Every structure is written in structure tokens, then in C-alpha cells.
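Biologist: Please take one strand of this chain and go through it closely. I would like its partners, its buried residues and its place in the whole.

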Amino acid sequence: YALVDALEPFTISIRNFEDNGSFGEYLVATVSTMPGADDARVVVEFSSDLENWESGTAVFLGSDEQAGVTRREWRAPTPWSVNNPLRFARLVVTARP
């Protein structure tokens, strides 16, 4: 019930960000949730190999509410590069205690 669309829970884009004075292209995950679902914890994790997931390293970019939907965005902790082109994202939804 926390996600607006459980079959398509998030969208992915690549955007340019500045980080400590240098610019890079980062994978960005946007998740649409229901505003009243505050007892669900929603986070995004990133991986370069689908085996080792980087829990707690995604950079939360913020959230906004429009038309009854809360959009939350996270970016990967490291920029995309030609030397490391693979980057995957997964959504982790858990119930808050």
C-alpha cells in the first residue's frame, strides 16, 4: 500500500551533479509513495554487480508532494563512468516498528 504502483515502483534517470567541486553523472532513483504510508520505510540501494548491495550509501536528494503523491529521490554514491558502466538499483520497503 505504500507504493503508488507496485508493478513499477521507481524510475531511473542519469543526472549531472556537483560533488566536492567536480561534476559527474549519477544514477538517480525516483520513488512515488502514498503520503499516508508513514509506517513504511522506503530506501534505495545501489550495486555494480547485483550481488553486493550498498546499504545506507545512497544520497537522499529530498522529497516533494504533488497531486496526492510523495516523490522521493536518491542518487548513487559514486558517479557513472566508462570504466564502471554497470550500476543497478533496488527498492527496499520495510515496516517501521
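Modeller: The model is a predicted one, and the part chosen here is strand E3. In this strand, Arg 41 stands opposite Thr 94 of strand E7. That pair belongs to an antiparallel arrangement in which eight bridges join E3 to E7, residues 88–95. E3 is also paired with strand E4, residues 53–54, again antiparallel, through two bridges. Here Phe 46 stands opposite Glu 54 of E4. E3 and E4 form a hairpin with five residues between the strands, and within this hairpin Leu 50 takes a positive phi near 65°.

As to cover, seven of the eight residues of E3 are buried, so the strand is mostly covered. One residue of E3 to look at singly is Glu 45. Its relative accessibility is 8%, and because the cut-off for buried is under 20%, Glu 45 counts as buried. The side chain of Glu 45 has polar contacts with two other side chains: that of Arg 90, at 2.8 Å, and that of Ser 55, at 3.4 Å. Setting aside neighbours within four places in sequence, the contacts of Glu 45 are Trp 53, Glu 54, Ser 55, Phe 88, Ala 89, Arg 90 and Val 92. Among these, Glu 54 is the residue of E4 that stands opposite Phe 46.

Phe 46 leads on to the nonpolar core. The largest such core has ten residues: Phe 10, Leu 27, Ala 29, Val 31, Val 42, Val 44, Phe 46, Ala 58, Trp 74 and Ala 76. Two strands, E2 (22–33) and E3 (40–47), are the elements that give two or more residues to this core. In soluble globular proteins, nonpolar side chains tend to be buried together.

Val 31 is a core residue with contacts to Val 42 and Val 44, both also members of the core. Beyond its neighbours within four places in sequence, Val 31 also contacts Leu 3, Pro 9, Phe 10, Thr 70, Arg 71, Arg 72, Trp 74 and Leu 91. Of these, Phe 10 and Trp 74 are listed in the core as well.

A residue outside E3 can serve as a second reference point. Ile 14 is found in strand E1, residues 10–19. Not counting residues up to four places away in sequence, Ile 14 touches Glu 25, Tyr 26 and Leu 27; Leu 27 is one of the core residues. Between Ile 14 and Pro 97 there are 83 positions in sequence and 34 Å in space, taken C-alpha to C-alpha.

The strand can now be set in the whole chain. There are seven strands and zero helices, and the order along the sequence is β-β-β-β-β-β-β. Among contacts with a separation of 6 or more, 62% are between residues 24 or more positions apart. The C-alpha atoms fill a box of roughly 40 × 30 × 25 Å along the principal axes. The radius of gyration is 14 Å, which agrees with the value near 13 Å for a compact globule of 97 residues. Buried residues make up 28% of the chain. The accessible surface is about 6,200 Å², and carbon and sulfur atoms hold 50% of that surface.

Terms used. Residues numbered from 1 in each chain as written. Predicted model: local features only at pLDDT ≥ 70, side-chain atom pairs only at ≥ 80, totals over all residues. Heavy atoms only, no water. Core = buried A, V, L, I, M, F, W, Y, C linked by side-chain atoms within 4.5 Å. Buried < 20%, exposed > 50% of the residue type's maximum accessible area, 1.4 Å probe, protein only. Helix = DSSP H or I, 4+ residues; strand = E, 2+ residues; numbered from the N terminus. Contact = heavy atoms within 4.5 Å. Pairing = 2+ DSSP bridges. Rg over C-alpha atoms; globule rule 2.2 N^0.38 Å. Areas by Shrake-Rupley, 256 points an atom, 1.4 Å probe, with all protein chains shown as cover. Polar contact = N/O pair within 3.5 Å; in protein donor to acceptor, adjacent residues only side chain to side chain.
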